[in-house]
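Here is a short tour for anyone opening this structure for the first time. Keep the picture in view while you read.

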Amino acid sequence: MQAQSKGIAINIGISEADRKEIVDGLSRLLADTYTLYLKTHNFHWNVTGPMFQTLHLMFETQYTELALAVDLIAERIRALGFPAPGTYSDFARLSSIEETPGVPTADEMIRLLVEGQEAVVRTARSVFPATERVNDEPTADLLTQRMQIHEKTAWMLRSLLDQ
């Protein structure tokens with residue numbers, strides 16, 4: 001992935017190499033977020049059992065939030081001057097979240113989504129050193145917001161498994 005060279009050069013006080021390092025991390029975050037979006041949407045469609053209504057609505061809220069998040073992350077990548085990854089093959093290559101074959105039970109769906117939420121947090125956290133080194137506060141702010149949302153969502157999902 002290369003910075004786009006058409007038009008006016010980007011001069012925001014962060015070198016192209018540093019922006020590229022941050023974009024590489026954001027691209028992994030985008031892939032994880034999109035993969036989690038697909039998994040959550042799939043589970044929304046296919047959940048069954050006594051917690052159907054609760055989980056169906058909860059998963060819908062979560063995938064809707066994730067759909068908005070992928071746009072914010074991709075737009076930050078673009079603002080840093082690079083193209084955002086946007087194909088299934090890109091996301092499969094970049095994501096740390098595995099696809100789930102078949103239709104798991106409702107409890108397994110919850111466990112898998114907790115794992116996915118926590119994976120996104122770890123990916124976001126891994127980008128911080130590069131952003132802090134070059135004082136990229138807008139990206140750091142985005143990462144902080146994403147981590148807060150995913151940590152809270154993981155906690156809420158985890159609480160459904162407490163018996």
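Two residues are in contact when they have heavy atoms within 4.5 Å of each other. This is a predicted model, where local features need pLDDT of at least 70, side-chain atom pairs count only at pLDDT 80 or more, and totals for chains, interfaces and linings use all residues. Residues are numbered from 1 along each chain as its sequence is written, and side-chain values use heavy atoms, with hydrogens and water left out.

**Helix H1 and its threonines**

Let's begin with Thr-40, which is found in helix H1. Helices here are DSSP runs (H or I, at least four residues), and strands (E) need at least two; both are numbered from the N terminus. Which residues does Thr-40 touch, leaving aside its neighbours within four places in sequence? They are Phe-59, Gln-62, Tyr-63, Leu-66 and Leu-113. Thr-40 counts as buried because its relative accessibility is 0%. Buried means under 20% relative accessible area, exposed means over 50%, and partly exposed is in between (1.4 Å probe, protein chains only).

Thr-35 is in helix H1 too. Its contacts, not counting residues up to four places away in sequence, are Phe-91, Ser-95 and Ile-97. Thr-35 and Trp-155 are 120 residues apart in sequence, with 20 Å between their C-alpha atoms.

Here are some residues with their places and relative accessible areas.

| Residue | Place | Relative accessible area | State |
|---|---|---|---|
| Thr-40 | helix H1 | 0% | buried |
| Thr-35 | helix H1 | 13% | buried |
| Val-47 | loop between H1 and H2 | 2% | buried |
| Thr-131 | helix H4 | 1% | buried |

**From H1 to H2**

Val-47 sits in the loop between H1 and H2. Beyond four places in sequence, Val-47 touches Phe-52, Leu-55, His-56, Phe-59, Ala-106 and Met-109. Along the chain, Val-47 and Val-103 are 56 residues apart, yet 8.1 Å separates their C-alpha atoms.

Two packed helices are described by the angle between their axes and the distance between the axes. Axes are lines fitted to C-alpha atoms, for helices over the stretch in contact, and angles run from 0 to 180 degrees between N-to-C directions. For H1 and H2, the angle is about 160 degrees and the axes are 8 Å apart. That makes H1 roughly antiparallel to H2. Angles over 145 degrees count that way, while those under 35 are roughly parallel, 65 to 115 roughly perpendicular and the rest oblique. The residues in the contact of H1 with H2 divide into 17 nonpolar, 7 polar and 2 charged. Nonpolar covers Ala, Val, Leu, Ile, Met, Phe, Trp, Tyr, Cys and Pro; charged covers Asp, Glu, Lys and Arg; the others, Gly among them, are polar.

**Helix H5 and its partners**

How do H1 and H5 lie? Their axes come within 12 Å and cross at roughly 25 degrees, so H1 and H5 are roughly parallel to each other. On the H1 side, Ile-22, Leu-26, Leu-29 and Leu-36 make the contact, while H5 brings Thr-139, Leu-142, Leu-143 and His-150. By class, that contact has 6 nonpolar, 2 polar and no charged residues.

The buried residues of H5, including Arg-146 and Met-147, pack against helix H1 (16-46), helix H2 (52-79) and helix H4 (106-133). In helix H4 we find Thr-131. Apart from neighbours within four places in sequence, Thr-131 is in contact with Ile-22, Asp-136, Thr-139, Ala-140 and Leu-143.
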